[in-house]
Amino acid sequence: MTFNSVEFLIFFPITILLYFVLPKKLSRISLLIMSAIFYLAWDYRLIVLILFTTAVSYFCAIIIERSEKQSVKKLCIVLTLIACLGVLFFFKYYNFLATSFGWALKQFGAGEYDFTLNLVLPVGISFYTFQTLSYAIDVYRGTEKAEHDFLLYSLYVIFFPQLVAGPIERPGNLIPQLREKNALTSDNVRAGLWKMAVGFFKKIVVADLIAEYVNAVYNNAQAATGWGVVIASLLFSVQIYCDFSGYTDIAIGSARVMGIRLIKNFDRPYKSQSIKEFWARWHISLSSWLKDYLYFPLGGSRCSGARHMFNLMVVFFASGLWHGANWTFVLWGLLHGVMRVCGELTAPCRKRLWASLGVNDGNTVLVISRRIVTFALICFSWVFFRANSLGDLSVLLGKLFTPWGSLSDTLPAMGLSLTAIVTAVLSIIVMVEFDILCEKTDCSDVGCARHSSLMWCVWAVAVAWIMLLSVGGASTFIYFQF
């Protein structure tokens, strides 16, 4: 079941009705059952894995809290790490490693071997694994108390809005909210439905519309031109943002209708002036998780300069690997790591340069220039992320460093007629207006009650385009594969 499906349009009202009509304890149980149904709709066999990691982290956390022996605490946290990461690595990375090992044997003349298994990648495994790990680690550190209600803890792991693609919640934020039952209020309903509408617009109207033009290039790399790679990469930057932030908006909105506030996951990332700032605005729940549970334990920046750079590279390598079992994702993560390290190393020189020229950080020209350069670097990195394979990546990068071909021939080959271009541009403008409107009026709190004339104008366009463009059906969300 996906958010952009007919099944969800039936599932969601029933879930909300049961939550508010039933007594407190029963409403929590009904929410757990409905969340399980939401996940079972993908593949009923996968529920075994999520139950296993949930049970291991639950019981180990209780033992950690009750035990006075440090050796027992360490044993329990190690068991949790092995269980949760073991399931993640086996189902997500075994075939990747097996294929890579088989390729290496072939290169050394040892023959061809196929060590792969017929495995199904559990939906959302990267997200709920990190969620269970953060809970167990926080209990081990003593920053959170162990939750003794197994059903409540299970609901924290399997809560349907953020189960499949985040945001990656922390126990300190979500568990206390799930413990209570909120009253039905017009503010929550208005704000939640507005946020969901924004998410549906981003996904169905913008992301799915642009996807066909992106696929025309990336799914046929050999026939692509340099212009095609540039245009497709620019469009993909919009597609992946609208696809992923659209899912997040629907998740946040769904929870908000019930009075539950999920953490912010996006903050207009393409207005960033550096790669460092980009990762403070993009997929915030993942970047903050890696910072708290990997970067800081490695030593963070409180170490030698060389070790600091090493820590950054490890974090970005982990980020790339987290996104997918493919060398293209690993290279994408490492590329961001290199750009982040270069930014750190050149920061003092750049600061002295601007000071010598009498230019301050708030200078309009400097701010715009930084944003353009940062956006260009991010778009270039998306080539690594979107490429279907290393072979395709090599071809696509080669197209950028050879004659770009004819723009007049490239656009029709991508399916970009004048009407398509105008529709795509207007869709993007409306999407940007959504983000600006939400930022200025704080939609998550007041449901965009102000600027009503502009709101209704945007609403009218959104509803019309959703009706027109969703006829062909919407695709699944990109981050479901992670």
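A residue is termed buried when its relative accessible area is under 20%, exposed when that area is over 50%, and partly exposed in between. In this predicted model, Asp267 has a relative accessibility of 24% and therefore counts as partly exposed, since this value falls between the two cut-offs. Asp267 forms a salt bridge with Arg281, in which the closest N and O atoms are 3.5 Å apart. This contact joins distant parts of the chain, with Asp267 in the loop between H10 and H11, Arg281 in helix H11, and their positions 14 residues apart in the numbering. The partner, Arg281, has a relative accessible area of 14% and is therefore buried, as this value is under 20%.

The loop that holds Asp267 also contains a residue with a notable backbone angle. Arg268, found between helix H10 (226-257) and helix H11 (275-281), has a positive phi of about 45 degrees although it is not a glycine. With a relative accessible area of 24%, Arg268 is partly exposed. A positive phi, near 45 degrees, is also found in His283, again a residue other than glycine. His283 is placed in the loop between H11 and helix H12 (284-298), and, with a relative accessible area of 0%, His283 is buried.

In total, 15 salt bridges are counted in the model. One of them joins Asp249 to Lys195, with the closest N and O atoms 3.7 Å apart. This pair likewise links distant parts of the chain, for Asp249 lies in helix H10 and Lys195 in helix H9 (residues 186-218), 54 residues apart. Both ends of the bridge fall in the buried class: Asp249 has a relative accessibility of 7%, and Lys195 has a relative accessible area of 16%. The two residues also belong to a network of salt bridges in which Lys195, Lys202, Asp249 and Asp435 are linked.

A salt bridge within a single helix is provided by Arg340 and Glu344, whose side chains meet with an N to O distance of 2.4 Å. Both residues lie in helix H14, where they are four residues apart, or about one turn of the helix. Their accessibility classes are not shared, because Arg340, at 11% relative accessibility, counts as buried, whereas Glu344, at 27%, counts as partly exposed.

Helix H14 (327-356) also takes part in the largest pocket, to whose lining H14, H11 and helix H15 (364-386) each supply at least two residues. The space in this pocket amounts to about 750 Å³. Its lining consists of 24 residues, of which Gln273, Ser274, Gly343, Arg350 and Arg370 lie nearest the centre of the pocket. Helix H14 gives the most to this lining, with 10 residues. When the lining of the largest pocket is divided by class, 10 residues are nonpolar, six are polar and eight are charged.

Enclosed space was examined as well, and a search of the whole structure finds two cavities of 30 Å³ or more. The largest cavity has a volume of about 50 Å³, and its lining is formed by Tyr19, Lys24, Ser27, Arg28, Leu31, Gln177, Leu178, Arg179, Glu180 and Ile260. Helix H2 (24-40) and helix H8 (171-179) each supply at least two of these residues, and H2 gives the most, with four. The lining of the largest cavity divides into four nonpolar, two polar and four charged residues.

Helix H2 contributes to a surface feature in addition to this cavity. A nonpolar surface patch of about 410 Å² is made by Leu26, Ile29, Ile33, Ile37 and Leu151, and H2 gives the most to the patch, with four residues. One of the patch residues, Ile29, is located in helix H2 and, at 36% relative accessibility, counts as partly exposed. Because membership of a patch requires over 30% relative accessible area, the value for Ile29 meets this requirement even though Ile29 is not classed as exposed.

Conventions. Residues numbered from 1 in each chain as written. Predicted model: local features only at pLDDT ≥ 70, side-chain atom pairs only at ≥ 80, totals over all residues. Heavy atoms only, no water. 1 Å grid on protein atoms, 1.4 Å probe; cavity = no way out; pocket = protein on both sides within 12 Å on 5 of 7 lines; lining within 4 Å. Points joined across faces, edges and corners; volume = space filled by probe spheres on them. Nonpolar A, V, L, I, M, F, W, Y, C, P; charged D, E, K, R; others polar. Buried < 20%, exposed > 50% of the residue type's maximum accessible area, 1.4 Å probe, protein only. Patch = residues over 30% accessible without salt bridge, like charges linked within 9 Å, V, L, I, M, F, W, Y side chains within 5 Å. Areas by Shrake-Rupley, 256 points an atom, 1.4 Å probe, with all protein chains shown as cover. Salt bridge = Lys/Arg side-chain N within 4 Å of Asp/Glu carboxyl O.
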